[in-house]
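The following report describes selected features of a structure containing two chains, moving from annotated regions to strand pairing and to the contact between the chains.

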Amino acid sequence: MGMEGEEQEKAEKVVPLVVQDADDELELIKKKYLRGDRANLEALKDKKLRGQLAHREEVYGKSATAAAKAEKWLMPNEQGYLETEGLEKTWRIKQESIVREVDILSSKKAFDLVLPELGPYTLDYTSSGRYMAVGGRKGHLAIVDMNNMSLVKEFQVRETVRDVAFLHNELFFAAAQKKFRSKELMSKSLDSILGILRGRSFSSILISFVDATCEIGDTMLEVGDVTFGVEDTILEVRDSSFKVEGIHIFITGMVQNFTASRLASFFHVMKEHGAALKLKFLKNHFLLASVNKFGQLHYQDVTMGGMVGNYRTGLGRCDVMDVNPFNAVVGLGHSCGKVTMWTPTNPSPLVKMLCHHGPVLAVAFHPGGQQMATAGRERKIKIWDLRKYEVLHTYSTGARTLQFSQKGLLSIGNGSHVEVWRDSSGNHDYRPYMNHSMVKGYQIEKVAFRPYEDVLALGHSMGFSCTLVPGSGEPNFDSWVANPFETAKQRREKEIHSLLDKLQPETIVLDPTNIGGLRPWRRKERPAQHEREAELEAAIEAAKNAPTKHKTKGRSKPSKLERKKKDSIVRAKRPFVDQQKKEEDQLLKKKQRISEEAQLPVSLQRFARKKAK
Amino acid sequence: MKVKVISRSVDEFTRERSNDLQRVFRNFDPNLRPQEKSIEYVRGLNAAKLEKIFARPFVGAMEGHIDAVSCMAKNPNHLKGIFSGSMDGASIKFQMGSRSDILTGMLSVRHENQEPMSLNEVTDNFIRPTKEKYIRLWDIATRRTVCQFPGHQGAVQGLTSSIDGRVLVSCGTDCTVRLWKIPGATDESNDNSFKPIVFVSKNGFRDVDHKWEDNHFATAGTQVDIWDHNRSEPIRSFEWGQDTVISVRFNPGEPNILAATTSDRSITLYDLRLSSPLRKLIMKTKSNAIAWNPMEPMNFTAANEDCNCYSYDTRKLDEAKCVHKDHVSAVMDIDYSPTGREFVTGSYDRTIRIFPYNGGHSREIYHTKRMQRVFCTQFTCDGTYVVSGSDDTNLRLWKAKASEQLGVLLPRERKKHEYEEALINRFKHLPEINRVVRHRHVPKSIFKASALRRTVNETERKKEERRRAHSAPGSMKPIPMRKKRIIQEVE
């Protein structure tokens, strides 16, 4: 038997190293799919439930293994990378040399677009990364299809545009404008709407003009028969003066079969938001969040149109905003150096952190949701742990804008210079990975990584440009989550499904994984006898070894020191002795009661308890 | 320097031709799906609501009998056939011989014992009794009568078919047991083509059940009789006490064992290999019907007069395994699903309920305005449907799962249903979903009666609690409900 055992051991040892590495790698991937540790079922009293849960845990394990294997073997694409040889450093490699090395398709993705008239530019990507919305400060709005580099629609609103944000798909985007006063645009867009509506199928979208007295949505739905009615109403709108400050939602390609030249049409004014400075769209909740000049945070449901929340931050003008993708909590950076985190249901912030000694210039959340990067005017960048709300690392660099990529690269825009940092060690210590300098004098307004691509887009004062950052994007997309090659039919179907799965604003909490979880088991455990004794020993030992202060005027005499030490030992013992005595007393009382009850005749026993008390 | 960036050519990621399927790529990374748990919760809630919307269990009614349906039997060899027998013996229909179109009338005779022949003799020349079709064979798929078995002179009380599916055994208050040849599924035959074999006895019968092997069957009446197909006299008779045996069922696992319930409130176990009965369990109220669990054949469930069903283990009769409460009136019949995971009960409170075999409360309640007291219920042989026969002369066909989609499911549909079921199961403990899943609309009368029952039980419990508090410690031990209704077990 012994011989056999040894042989077996030998056989086990001779596992090829490659296989072992593969197993380790698989374990590492599997951990991601397990979504946390196993539930502790030991404490469960209910045997049946314990069995069921144990079975379920087993199923989770199996599905995680399957998913890990699928990831390892079946994924069509691999992550991008930039490797150096010898003395080369990744941060010294210029964009030109990268563009020269990569394939033609990728090299076309890097470009500079100089638009000196209407900048600085801000931009936003759709969740699939295919479309980019560009907003020039002086009123230039455009939608670009980044796959084939074609302009979907471009127009000028001739007034200040502060931010743009895509809604749930590329057909809708919101622009934070100063005022909507362009009568010509108004009438033009309405004319074009009407032109299309005549004799064509029209998706049932309510079009309403908030400031005008009329709502033309109703008539619009019955297009075809009542075209004149629509025109009449619109003439009325044209005459009324428009001076609305707020967000304007635009819709591109409103008519479903109208693909030849897409149209962008003014859709809806939301004046309740005031002079919004930043916009963010919460995709799962269909909420448009905005923060305005007066530091008011607004949440609006874009499906039903109702205001979900309207909260005063009370911390002054605020134009720093980001959404934590993990839990959809909105983070705001204030001029007092605070970062506050908000949910639509709570009138006060869930978290207030003093992050910087000066104004906060930029906030960015890691895609995993556990880290946050902030930049302050005192030229500091800090990485925060959002589980403990502690700073992990501080770097002495300034930043005007920050963003994390899907794979966790941190881009830092400052002046005309942009840096990309990477956490190569795994302890959230970010080190320079790449950098890129624009022409001197360009001011970078916004950096945005393109989802599912290795591209970093920069919006700056002289237009916007894209650079290649290998390894920044997720290489494999999921067709049901965000599909860069989505067809119109798929988009329509996804719109319906995402509306069915729409989350209520109440689901925005700091830890969304709590839903449907087990309540932690709280049982006061009485320590065992030997544990208590060990504790007592430790306490006495600690008291004995406590350092003594040297004191003058005879107070450090050996006798005094000895007495002090004895006192401290007694003091250390005290709580243990008290506890023991208390327990003994209780036991004694109980015993007494029982014995009394036993002595008394049956009929009188019920009085015994009262007496004992 | 080595560099690689993500590069996707459009050709690789889109379909080649417009009639190809769209290409789909999956990536199960949790980071791509933030708030996935919340979304699943919302999906679970929607699934629960959809389940409620699609819960339309009633498939259709089968009418044809002219009095209450008293018993039903499945044909184990033919999935869509079901036999039903009615109590037509209690009301006799006469037809005028010469002018039948004008003078058709109904004459009700209250007492079963009154002989129809005497009336017949009086009006022999003028009026003849029609041949009543007390037993019908239904095709569930079309919900039509396939054929009828005329012959019984009184109410048919028991029906069963042999295991090979060739012989139908019926018995009734007219003191006869009749053996019918079951027509083949394709036969389109007339009413009168079957001549039953008739065994006559001195007393009426209440129930019949066929053994799971051989040509033997058992009838219940004044005693339990064991019959052979080929003999006109019972081959065995068991008697324990003087009271009427109400129902009898053979054990599906051990064919020689049978259980019977008696109107003296007892449930008796018999073994055909022994000369005397095995055991008897006396409860406080009588059991109307009994059913063995086909998958765990040592367990049976008894439908009791006290609104509850009691599941017993034959090896341990001093305590019920489970008490199934929910009905508000006497439970009349019970039948297990072929899976053995649930059973259906019909009750005098005009509802049918489906219970899990180990659950204390029903998973489903079915009722309609027109359905009166339910006398018999059956699961179909595939466990997909439930058939009930009630006082209003109709058989009713129900789905066993109220919201199940019938017909052939596409794989995607099936997956979707499975996903929704899993979601509901995962979040069923959360209040919002639990409320939707648990809610059942019940008739007002039942709602009130159950509230009343709850009040009565609660007051009884409180009273007992107070009694216990004011009596000597240990003198009033709490008796669990599983034991409370048992008087004694007799060996």
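For chain A of this predicted model, an unreviewed UniProt entry lists residues 432-512 as "domain: BING4 C-terminal". Over this span the chain is 16% helix and 30% strand, and its end C-alpha atoms lie 33 Å apart.

The sheet that includes β26 of chain A, a strand covering residues 431-437, is an open one in which four strands follow the order β23-β24-β25-β26 with antiparallel pairing. Its edges are β23 (401-404) and β26 of chain A, each of which pairs on one side only, and neighbouring strands are turned against each other by 20° on average when direction is ignored. Within this sheet, β23(A) is joined by four bridges to the antiparallel strand β24 of chain A, residues 410-414, and A:Leu402 has A:Ile412 in β24(A) as its bridge partner.

A separate division of chain A gives domain 1, made of residues 25-34 and 45-74, and domain 2, made of residues 529-612. The centres of these two domains of chain A, taken over C-alpha atoms, are separated by 49 Å.

Turning to the contact between the chains, 52 residues of chain A and 34 residues of chain B take part. On the side of chain A that touches chain B, at least two residues each are supplied by α2 (17-34), α3 (47-74), β1 (81-83), α4 (95-101), α5 (104-107) and α9 (488-500) of chain A. The largest share of this side, three residues, comes from β1(A), and the residues on the side of chain A that touches chain B divide into 25 nonpolar, 15 polar and 12 charged. Strand pairing also crosses between the chains, since three bridges join β1(A) to β1 of chain B, residues 2-4, with the two strands running antiparallel; here A:Leu82 stands opposite B:Val3 in β1(B).

In chain B, UniProt (unreviewed entry) places the feature "repeat: WD" at residues 149-182, 324-355 and 367-408. Two of these spans are set out below.

| Span of chain B | Helix | Strand | Distance between end C-alpha atoms |
|---|---|---|---|
| Residues 149-182 | 0% | 56% | 10 Å |
| Residues 367-408 | 0% | 40% | 27 Å |

Which residues cover the two faces of β31(B)? On one side B:Tyr385, B:Val387 and B:Gly389 are buried, and on the other B:Val386, B:Ser388 and B:Ser390 are buried as well, in keeping with a strand (residues 385-390 of chain B) that has six of its six residues buried.

β31(B) has an antiparallel partner in β30 of chain B, residues 374-379, to which five bridges join it, and in this pairing B:Thr377 stands opposite B:Ser388 in β31(B). The hairpin of β30(B) and β31(B) has five residues between the strands, and in it B:Gly383 takes a positive phi near 75°.

β31(B) also pairs in the antiparallel sense with β32 of chain B, residues 395-399, over five bridges, and B:Val386 stands opposite B:Trp398 in β32(B). This second hairpin, formed by β31(B) and β32(B), has four residues between its strands, with B:Thr393 in the turn showing a positive phi of about 70°.

Terms used: Residues numbered from 1 in each chain as written. Chains lettered and ligands numbered in written order. Predicted model: local features only at pLDDT ≥ 70, side-chain atom pairs only at ≥ 80, totals over all residues. Pairing = 2+ DSSP bridges. Axes fitted to C-alpha atoms, helices over the stretch in contact; angles between N-to-C directions. UniProt positions renumbered as here; feature names shortened; annotations may be inferred. Domains from an automatic or database assignment. Contact = placed C-beta atoms within 7 Å. Nonpolar A, V, L, I, M, F, W, Y, C, P; charged D, E, K, R; others polar. Buried ≥ 20, exposed ≤ 12 C-beta atoms within 10 Å, placed from the backbone.
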